[in-house]
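Trainee: Before I work with this model, could we go through its geometry one question at a time?

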Amino acid sequence: MIDSIIQNLWLVWLLAGIVCLILEMMSNDFFIMCFAIGSLCASLISLGIDSIVVQVIVFVIFSLLSIFYVRPIALKYFHKGENQRLSNTDALIGREGKVTDKIESGGYGRVKIDGDSWKAKSVDGQEIGVGDDVRILRLDSIIATVEKC
């Protein structure tokens with residue numbers, strides 16, 4: 001059994017590379033892909049060289065080279081523009097909405113933005129009437145600070 005595995009060690013390296021690629025599809029951070037590259041290189045080397053030590057050294061060298069050279073290029077290419085994409089409450093800043101409950105002077109009211117109702121206060125403490133258009137300046141937890149448009 002052991003002799004069979006040692007004679008077909010290239011299949012073990014190939015299987016390890018395929019497993020790493022499958023795991024990479026789930027994580028999408030291009031780190032596990034580097035080990036897949038190392039495994040595939042060790043698989044190719046194992047076709048001609050029977051030494052397990054040499055195969056492990058090839059695996060380590062190509063995995064490290066991939067981490068330092070391939071991964072940054074992959075991150076730059078595939079995750080382009082991800083830092084500028086706003087999500088959640090950050091995407092609401094600068095948006096306009098309508099006052100649904102009067103914002104009292106120095107108090108709170110309600111503003112409807114994209115179908116969602118938010119508790120709101122005026123930036124300058126002035127009263128804003130129902131139906132007025134407002135712009136979101138910032139969000140403090142669940143309270144929107146607004147100004148009249």
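The questions below deal with a helix pair, a nonpolar core and some loop residues in a predicted model.

Trainee: Are helices α2 and α3 roughly parallel or roughly antiparallel?

Mentor: Helix α2 covers residues 9–27 and helix α3 covers residues 32–46. Their axes come within 8 Å and cross at roughly 165°. Angles over 145 degrees count as roughly antiparallel. Therefore α2 and α3 are roughly antiparallel.

Trainee: By class, how many nonpolar, polar and charged residues does the contact of α2 with α3 have?

Mentor: On the α2 side the contact includes W10, W13, L14 and E24. On the α3 side it includes I32, M33, F35 and S39. By class, the contact has 1 charged, 5 polar and 14 nonpolar residues.

Trainee: What is the handedness of the crossing where α2 passes α3?

Mentor: The two axes cross at roughly 165°. As α2 passes α3, the crossing is left-handed.

Trainee: Which strand gives the most residues to the largest nonpolar core?

Mentor: That core has 13 residues, and I103, V111 and V146 have the most contacts inside it. At least two residues come from each of β2 (109–113), β3 (116–122), β4 (133–140) and β5 (143–148). With 3 residues, the strand that gives the most is β4.

Trainee: Which residues does V111 touch, not counting those up to four places away in sequence?

Mentor: V111 is among the residues with the most contacts inside the largest nonpolar core. Not counting residues up to four places away in sequence, V111 touches G97, K98, V99, T100, I103, D116, S117, W118, A120, V134 and V146.

Trainee: Is N28 partly exposed or buried?

Mentor: N28 sits in the loop between α2 and α3. Its phi is positive, about 60°, although N28 is not a glycine. Buried would need under 20% relative accessible area. N28 has 43%, so it counts as partly exposed.

Trainee: And S141, is it exposed or buried?

Mentor: S141 is placed in the loop between β4 and β5. This residue other than glycine also has a positive phi, near 60°. Exposed means over 50% relative accessible area. S141 has 64%, so it counts as exposed.

Trainee: What separation is there between the C-alpha atoms of G131 and L75?

Mentor: G131 lies in the loop between β3 and β4, and is partly exposed at 36% relative accessibility. Leaving aside neighbours within four places in sequence, G131 is in contact with K98 and V99. G131 and L75 are 56 residues apart along the chain, and their C-alpha atoms are separated by 46 Å.

Note on methods:
Residues numbered from 1 in each chain as written. Predicted model: local features only at pLDDT ≥ 70, side-chain atom pairs only at ≥ 80, totals over all residues. Heavy atoms only, no water. Axes fitted to C-alpha atoms, helices over the stretch in contact; angles between N-to-C directions. Helix = DSSP H or I, 4+ residues; strand = E, 2+ residues; numbered from the N terminus. Parallel < 35°, antiparallel > 145°, perpendicular 65-115°, else oblique. Left-handed = near helix turned anticlockwise from the far one by under 90°. Contact = heavy atoms within 4.5 Å. Nonpolar A, V, L, I, M, F, W, Y, C, P; charged D, E, K, R; others polar. Core = buried A, V, L, I, M, F, W, Y, C linked by side-chain atoms within 4.5 Å. Buried < 20%, exposed > 50% of the residue type's maximum accessible area, 1.4 Å probe, protein only.
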